[in-house]
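Dear colleague,

I am passing on to you the structure that is shown just below, together with its sequence. Please look it over first, and then read the notes that follow it.

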Amino acid sequence: LKNSLLWVVIDQAGSYELPQGQLSLTYDAGALPPEWPDGGREALVSAEELLFPLHCRPWAPGDFLYPLGMKGKRKKVQDILTDSKIDRFAKDRALVLENGDGRIIWLIGYRLDERFKLNKDNEQPFWRITYSGIS
């Protein structure tokens, strides 16, 4: 299952078909939303941190991110999936969204990386990334 055919290159706003769903990117320079997403089905990402092209791909052993709420501590994608108590089939289907510089932005459907979060204190351009599909 983990092969290059599952890699999706994202180079602009729009909707992208994934093996188990769809990923949509929308650029927004307006006001921050009143409801803040939890990083499951939707993520708000600082526009200044995003470097295109992004890559949506299956996670690989050794992949890691700095999950929101973990005070800057690094955690392996594999450990996040294990801690989420999902079955191994769902674990095999898990995807990451990777920045143009190779850093993982989002373990799609699970956790956003702290380094890409929006600062709630000031209005700034951001990307709204939504995922619809099975996790």
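In this predicted model, the secondary structure of the protein chain comes to two helices and 11 strands. If you follow the chain along the sequence, these elements appear in the pattern β-β-β-β-β-β-β-α-α-β-β-β-β, with the two helices standing one after the other between two runs of strands.

Turning to the sheets, you will find an open sheet of five strands, which are arranged in the order β1-β5-β8-β9-β10 and pair in the antiparallel sense. Its edges are formed by β1, residues 8-10, and β10, residues 111-112, and because each of these has a single partner strand, one side of each is left without a neighbour in the sheet. Within this sheet, strand β5, which covers residues 54-58, is joined by four bridges to strand β8, which covers residues 95-98, and the two run antiparallel. If you would like a residue pair from which to start looking at this pairing, Cys-56 has Leu-97 in β8 as its bridge partner.

There is also an open sheet of four strands, again with antiparallel pairing, and here the order is β2-β3-β11-β4. The strands at its edges are β2, residues 14-18, and β4, residues 42-46, each of which pairs on one side only. From one strand to the next, the twist in this sheet averages 20°. Strand β4 is held to strand β11, residues 126-133, by five bridges, and these two strands run antiparallel; on the residue level, Val-45 has Trp-127 in β11 as its bridge partner.

As for the chain as a whole, its C-alpha trace spans about 40 × 30 × 25 Å along the principal axes. A compact globule with 135 residues would have a radius of gyration near 14 Å, and because the protein chain has 14 Å, the value agrees with that expectation. When we consider contacts between residues with a separation of 6 or more, 72% of them come from residues that lie 24 or more positions apart in the sequence.

Finally, a word on the surface: 42% of the 135 residues count as buried, while the chain exposes about 7,300 Å², of which carbon and sulfur atoms supply 50%.

With kind regards

Technical notes: Residues are numbered from 1 along each chain as its sequence is written. This is a predicted model: local features need pLDDT of at least 70, side-chain atom pairs count only at pLDDT 80 or more; totals for chains, interfaces and linings use all residues. Side-chain values use heavy atoms; hydrogens and water are left out. Two strands pair if DSSP finds at least two bridges between them. Axes are lines fitted to C-alpha atoms, for helices over the stretch in contact, and angles run from 0 to 180 degrees between N-to-C directions. The radius of gyration is taken over C-alpha atoms; the globule rule is 2.2 Å times the number of residues to the power 0.38. Buried means under 20% relative accessible area, exposed over 50%, partly exposed in between (1.4 Å probe, protein chains only). Contact means heavy atoms within 4.5 Å. Accessible areas come from the Shrake-Rupley method with a 1.4 Å probe; for residues, only the protein chains shown count as cover.
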